[in-house]
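User: I would like a close look at a single part of this model, followed by an account of the parts that can be described alongside it. Please take it step by step.

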Amino acid sequence: MYRTPASNRLHIGIFGKRNTGKSSLINALTGQDTAIVSDVAGTTTDPVYKAMEILPIGPCMLIDTAGIDDQGVLGEERVKRTLVVLRKTDVGLIVVQPDTLIDSFEEDLIKTFQGKKLPFLFIINKSELAGKAAQDYLENNKLAFIKVSSKTGQGIKELKAKIMELAPGHWSPIPLVGDIIKPKDVVILVCPIDNAMPQGRLILPQVQVMRDCLDNNATAFVTKETELLDCLKALKGKPRLVITDSQVFEDVRDMLPKDIPLTSFSTVFARHKGDLNAYIQGVYTLENLKDGDEILIAEACTHHVQPEDIGRTKIPTWLLNYTKKDLHYEVTAGGDFPQDLSRYKLIISCGGCMVNRREIMHRIEKAKAAHVPITNYGVLMAYLSGILERVIEPFEGGLLKINLDK
Ligand code: SF4
């Protein structure tokens, strides 16, 4: 379970006023002392992430948020962090106590969840305590709730079942390749080994695609581009699909007969993590850019910036060469996605390998609402290299046609 990437887990955000027992609820769900639990209100200062398994959903990430009713500078910072958590949340739990007077704090959360069409559930925690104010409010407003006691364990099993009920359909990621291959298909993965590769292992997207092939009872062959022809010769028939690293796309395309579907890892993940159609529409904005236009490069994590960083160096250079325009760039990283997008002519999102689909979709929805085109690194690179049509073809009927022909 611990090897499941965080970005592939169902993210369960646990919200509520200070001292309603959010941390102890997590401990009750996980059966471990994970969160910081104290009788002193507001002990949990930062969101605490806990990876756990809730069967049969599978791997989850429980997020214990900071108390968002705190005042002062520290409190404001806590509020900001909690709202960032909300963007990653697939299912929200709002924790109250039996005697909690539900007010604008919870009502704002309800509005936010409803506005984002995010499934949520009220938890009346500490059900061993007296009071009925919270239950009366929830019943009067027809809001779903469940009563639990983190102390005695009462209701925890039912809560897990409720989470399972809420989760399906809301968090299921778009498949990697599972919907475009069949059992017994052969898929070739082209993985160049250069200085940028980590020592002694493949990178996570390559491993994830390999696993998806196995999960779908297909066979995955892994080769470098230099051995691709040998690999093709060794096969009795044609592979169903070839997936290559974008860096060697042109070499692979030139070697591969046109009737063998070809795509790239970055395209597979652009669809898996985001909205491939939106990215494709967005990339055509390059044709209309003018001098002085502002471009937002939105990176989803604060990774170590390399000298030849893709967002800060490579993309501005590529776009200068392609558009010949004097474009202005702003780079955001991690949770810092601007509230006001109106000044940007194009948003270029990173691949989002470290975050979940909801986080990326949140950005895409914000861009759409602001009528600002959005694309991502993978689609942009494919477009600039003139290979976009070929890499999206397997997802637009090419493989379906082959399947029907057989
Ligand atoms: S692609 Fe992955 S590593 Fe790069 S900025 Fe985005 S989330 Fe971070």
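Which pocket is the space taken by the ligand?

Analyst: In this predicted model, the space taken by the ligand is the largest pocket. The residues that surround the ligand there are Glu299, Ala300, Cys301 and His303, together with Cys350, Gly351, Gly352, Cys353 and Met354. Sorted by character, this shell around the ligand consists of five nonpolar residues, three polar ones and one that is charged.

From the ligand one can turn to the helix α12, which covers residues 357–369 and packs with helix α9, residues 265–273, at an angle of about 80 degrees, the two axes being 9 Å apart. Because angles from 65 to 115 degrees count as roughly perpendicular, α9 is described as roughly perpendicular to α12. On the α9 side the contact is made by Arg271, His272 and Lys273, and on the α12 side by Arg357, Ile360 and Met361. The residues of this contact between α9 and α12 divide into three charged, two nonpolar and one polar.

In the loop between α12 and β14, the latter covering residues 374–376, lies histidine 371. The backbone of histidine 371 has a positive phi of about 55 degrees, although this residue is not a glycine. A positive value is also given for lysine 126, likewise a residue other than glycine, whose phi is near 55 degrees. Lysine 126 belongs to the loop that runs between β5 (120–124) and α4 (133–140).

A second helix pair can be set beside the one already described. Helix α1, residues 22–30, packs with helix α5, residues 156–166, at an angle of about 85 degrees, and their axes are 10 Å apart; α1 and α5 are therefore roughly perpendicular to each other. Here Leu25, Ala28 and Leu29 of α1 meet Ile156, Leu159 and Lys160 of α5. In this contact of α1 with α5, five of the residues are nonpolar, none is polar and one is charged, whereas the contact of α9 with α12 has two nonpolar, one polar and three charged residues.

How values were computed: Residues numbered from 1 in each chain as written. Predicted model: local features only at pLDDT ≥ 70, side-chain atom pairs only at ≥ 80, totals over all residues. Heavy atoms only, no water. Near = heavy atom within 4 Å. 1 Å grid on protein atoms, 1.4 Å probe; cavity = no way out; pocket = protein on both sides within 12 Å on 5 of 7 lines; lining within 4 Å. Sits in = over half its atoms within 2 Å of the grid points. Nonpolar A, V, L, I, M, F, W, Y, C, P; charged D, E, K, R; others polar. Axes fitted to C-alpha atoms, helices over the stretch in contact; angles between N-to-C directions. Helix = DSSP H or I, 4+ residues; strand = E, 2+ residues; numbered from the N terminus. Parallel < 35°, antiparallel > 145°, perpendicular 65-115°, else oblique. Contact = heavy atoms within 4.5 Å.
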